[in-house]
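Colleague: Please pick one part of this model and take me through it closely. I would like to know what meets what there, and how.

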Amino acid sequence: MAQSALPISKPRLTHLLSGNYALEPEEISSIRHEIQVIDKIKQAPSKLQHELEAHESKLAECRALLSSLRRSTIPPELLGEIFRLALEGPVSSTLDSDVLVRLCLVCKAWRDVALATPSLWTSVDLKDLTTAPSANKLKTWFLRSGSLPKRLYFDGTDSTGRCNQGEEGCLLSSPDVVQFFANGPTLDEVKLQCARPSCLENLLNLIKRGQNDSRPWDSLRSLKVGFYGWPISSGPSKWALLYSLPPISSLSLNFPRHYVSLLGILAPLPPFDGLTSLTLVCDLPLSWALQSLKNGRNLTTLVLDYNLNKRLRNAGAVHRYERDSNPVFLPRLETLRLRRMINSGDNSLILRKIKTPSLQTLELTFKYNRWSEDMPSPAARNKMELCQDIISLVTGVDGALDLRNLCLERASIPSRGLHDILSALPSLTCLVLDSVETDFALLEKARAAESLLPRLKSLEVIGDKVFNPEEIYAFLRAGDASVENALSPAWKSTIYPPDPWDKNGDRSSTIQRWTC
């Protein structure tokens with residue numbers, strides 16, 4: 001039996017390496033044995049690494065078997081709430097139904113929880129369709145929502161805004177869609193995007209043609225309709241389609257941009273006795289808007305979105321409206337929002353021509369807060385006129401004397417004008433100044449002025465300038481001898497810096513909030 005080679009000694013190895021010496025057979029065998037031993041040692045970590053990876057994979061599998069989701073240790077109600085929050089996230093904002101379907105495909109337990117959570121099945125968004133949706137599938141989807149309010153959004157236009165023509169014509173008038181609206185579940189809110197008025201008119205006529213004593217369409221509460229185009233040839237007759245609407249309580253109409261001339265020839269909106277909320281998105285001529293609002297005495301919420309109309313305040317028009325009949329009386333209006341106005345335009349002039357004694361909330365939002373090159377010079381519209389518009393709304397007979405909430409966004413207001421507005425609003429409890437263009441000299445003048453906003457409970461300032469809390473408190477309580485100079489412990493100050501991870505630009509400015 002061959003004997004194993006003995007390891008060569010360290011001194012002998014050093015001696016052999018120091019010169020060109022011949023090796024004995026036993027030394028050759030010993031050196032080869034040493035090389036084999038070292039190679040095996042070098043291979044050991046690789047083998048151990050493979051063994052470690054195998055153990056880690058097995059460990060992950062074992063932990064998966066013990067997870068709370070697999071063992072159903074999370075209560076179904078809590079898991080259903082997690083699903084609901086996942087559907088409300090920014091990732092799934094446009095594909096809620098697809099995300100929900102994928103959640104149901106994870107495992108049987110998740111599917112059972114999803115099917116047993118009615119709040120997940122209350123909404124359906126249909127867009128970018130090439131064929132009409134199935135009425136049976138829509139009914140099955142909404143059936144899972146139980147008695148909760150249901151919402152359907154249906155975009156009947158293609159990527160260019162034109163009518164989405166299926167095999168049988170406009171998808172909005174397809175038999176499945178008509179059958180669903182006529183015989184499907186009762187919907188709380190419907191939002192339709194139409195290429196032109198005839199698309200909606202055809203749908204309403206088909207629904208009405210198949211009417212029965214218990215038509216779910218008549219129970220609709222909220223309707224939002226957007227039009228990509230409104231041909232001039234349609235004329236005033238197209239308002240007839242609005243008389244075919246169910247007795248809704250909330251209506252939103254979104255007209256194409258730059259249709260001032262069209263609205264000028266259209267008759268005012270028809271009366272809706274049960275309407276409590278109205279939203280109009282278009283280039284709003286003042287005369288047309290006022291005529292339409294005369295039929296809205298039961299309104300509690302009004303939103304006028306001017307869609308970036310750049311029309312200027314015309315002095316002749318102002319005097320003409322001043323001489324017109326009495327202002328429109330909206331006795332029940334509680335919330336008024338004017339959106340996407342232009343600082344140099346006449347959009348806020350409507351505040352002088354309405355009376356809202358029950359108004360609680362006023363929101364004025366401008367698209368731009370600075371005079372740009374493509375806009376008229378400040379001389380075209382005195383910045384103080386906006387202040388006068390607001391003051392005329394909240395003062396006088398039937399004025400909004402109990403206004404509680406005021407929000408100004410991107411408005412261009414001089415310091416003196418802002419002071420005049422706040423002086424006219426002693427009932428104000430919440431004030432939001434979002435990117436308001438003003439010199440804020442009011443803070444220094446307030447120390448010698450009378451106390452402003454005695455009932456204020458919340459103040460929020462959004463913008464690049466950060467204010468000292470002591471200055472803000474002095475502004476709020478200037479001239480009140482009963483208040484100490486130091487910030488009252490009842491007022492809490494919170495500062496939210498800009499969010500560097502905000503890709504939508506919603507948090508590009510500092511938010512300062514004071515609450516009492």
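Modeller: Here is a close look at one helix contact, followed by some other ring contacts and two buried residues. The model is predicted; local features need pLDDT of at least 70, side-chain atom pairs count only at pLDDT 80 or more, and totals for chains, interfaces and linings use all residues. Residues are numbered from 1 along each chain as its sequence is written, and side-chain values use heavy atoms, without hydrogens or water.

Start with helix 3 and helix 5 (helices are DSSP runs of H or I, at least four residues; strands are runs of E, at least two; both are numbered from the N terminus). Their axes are 9 Å apart and meet at an angle of about 85 degrees. Axes are lines fitted to C-alpha atoms over the stretch in contact, with angles from 0 to 180 degrees between N-to-C directions. So helix 3 is roughly perpendicular to helix 5 (65 to 115 degrees; under 35 is roughly parallel, over 145 roughly antiparallel, the rest oblique).

Which residues meet? Helix 3 brings Pro76, Leu79, Gly80 and Phe83, and helix 5 brings Trp110, Val113 and Ala114. Contact means heavy atoms within 4.5 Å. Six of the residues in this contact are nonpolar, one is polar and none is charged. Nonpolar covers Ala, Val, Leu, Ile, Met, Phe, Trp, Tyr, Cys and Pro; charged covers Asp, Glu, Lys and Arg; the others, Gly among them, are polar.

Now the rings. Rings of Phe, Tyr and Trp (its six-membered ring) pair if their centres lie within 6.5 Å; planes under 30 degrees apart are stacked, over 60 edge-to-face, the rest tilted. The count comes to six aromatic pairs. One of them joins Phe83 and Trp110: it is tilted, with 5.2 Å between centres and 55 degrees between planes. This pair links distant parts of the chain, 27 residues apart: Phe83 lies in helix 3 (residues 76-87), Trp110 in helix 5 (residues 108-115). Both Phe83 and Trp110 are buried (under 20% relative accessible area; exposed is over 50%, partly exposed in between; 1.4 Å probe, protein chains only).

Elsewhere, ring pairs link Phe142, Phe180, Phe181 and Trp217 into a cluster.

Two more residues are buried. Ser250 sits in strand 7 (residues 250-254), and its 18% relative accessibility is why it counts as buried. Cys282 lies in the loop between strand 8 (277-281) and helix 10 (286-293). Cys282 has a relative accessible area of 1%, so it is buried.
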